[in-house]
Amino acid sequence: MKLDLTALADEHMAAARTAPHGRSAHLIMHDGVLRQSVIALTAGTSLDEHNAPPAASLQVLRGRVNLTMAGRAEELSTGTLRVLRERHGITALDDAVVLLTAVND
């Protein structure tokens, strides 16, 4: 499978801008326990805190997000890759697109 992440980011950012909740997400890879999703969020849009799977990472493809974990916040910008090991949530500081990779056992 070959995917163009730039084109997917463009497509889902356009969809997020017209969506009532300001976001668009799509599962782009599901191979056994591996799952990857592109998630686009308009500025100010959040994904509520949720538990992390056994292994996960978040890569910012475009924009900036605020990652919240265990009562603290961390700003991530384009190109940043962050391992997720605990309950977390994200808020888009700008229009943003992220790639969420998760491995569930």
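At the start of helix α1 in this predicted model, a side-chain oxygen of Asp4 reaches to within 3.0 Å of the backbone nitrogen of Thr6. The helix comprises 14 residues and extends 20 Å from its first C-alpha to its last, a span close to the 20 Å expected at 1.5 Å a residue. Within α1, the residues Leu8, Ala9, His12, Met13 and Ala16 are buried; viewed down the helix axis, the buried residues fall within an arc of 125°, so they line one face of the helix. An α-helix has 3.6 residues a turn, so residues three or four places apart point the same way. On the other side of α1, Thr6, Arg17 and Thr18 are exposed. The cover over the buried residues of α1 includes strands β1, β2, β4 and β9, and α1 lies across these strands, β1, β2, β4 and β9, while running at about 145° to β1.

Leu5 belongs to helix α1, which spans residues 5–18. Because its relative accessibility is 33%, Leu5 is classed as partly exposed. When residues up to four places away in sequence are not counted, Leu5 touches Ile28, Val38, Leu61 and Leu99. One of these contacts, Leu61, lies 56 residues from Leu5 along the chain, and the C-alpha atoms of Leu5 and Leu61 are separated by 8.2 Å.

The strands crossed by α1, namely β1, β2, β4 and β9, belong to an open sheet of five strands, which has the order β1-β2-β9-β4-β7 and antiparallel pairing. Strands β1 (residues 23–31) and β7 (residues 81–83) stand at the edges with a single partner strand each, so one side of each has no neighbour in the sheet. From one strand to the next, the twist averages 15°.

Strand β9 (residues 96–103) has six of its eight residues buried, so it is largely enclosed by the rest of the structure. In the sheet order, β9 stands between β2 and β4. With β2 (residues 34–41), β9 pairs in the antiparallel sense over eight bridges, and among the residues concerned, Leu41 has Ala96 of β9 as its bridge partner. With β4 (residues 55–62), β9 is joined by seven bridges, and these two strands likewise run antiparallel; in this pairing Val60 stands opposite Val98 of β9. Strand β4 is also joined to β7, through three bridges and again in the antiparallel sense, with Arg82 of β7 as the bridge partner of Leu58.

A further open sheet contains four strands in the order β3-β8-β5-β6, and its pairing is antiparallel. Its edge strands are β3 (residues 46–50) and β6 (residues 72–77), each of which pairs on one side only. On average, and with direction ignored, neighbouring strands of this sheet are turned by 20° against each other. Strand β5 (residues 64–69) and the edge strand β6 pair in the antiparallel sense over six bridges, and in this pairing Arg64 has Ser77 of β6 as its bridge partner.

Key
Residues numbered from 1 in each chain as written. Predicted model: local features only at pLDDT ≥ 70, side-chain atom pairs only at ≥ 80, totals over all residues. Heavy atoms only, no water. Buried < 20%, exposed > 50% of the residue type's maximum accessible area, 1.4 Å probe, protein only. Contact = heavy atoms within 4.5 Å. Pairing = 2+ DSSP bridges. Axes fitted to C-alpha atoms, helices over the stretch in contact; angles between N-to-C directions. Expected span 1.5 Å × (residues − 1). Arc of directions from axis to C-beta. Polar contact = N/O pair within 3.5 Å; in protein donor to acceptor, adjacent residues only side chain to side chain.
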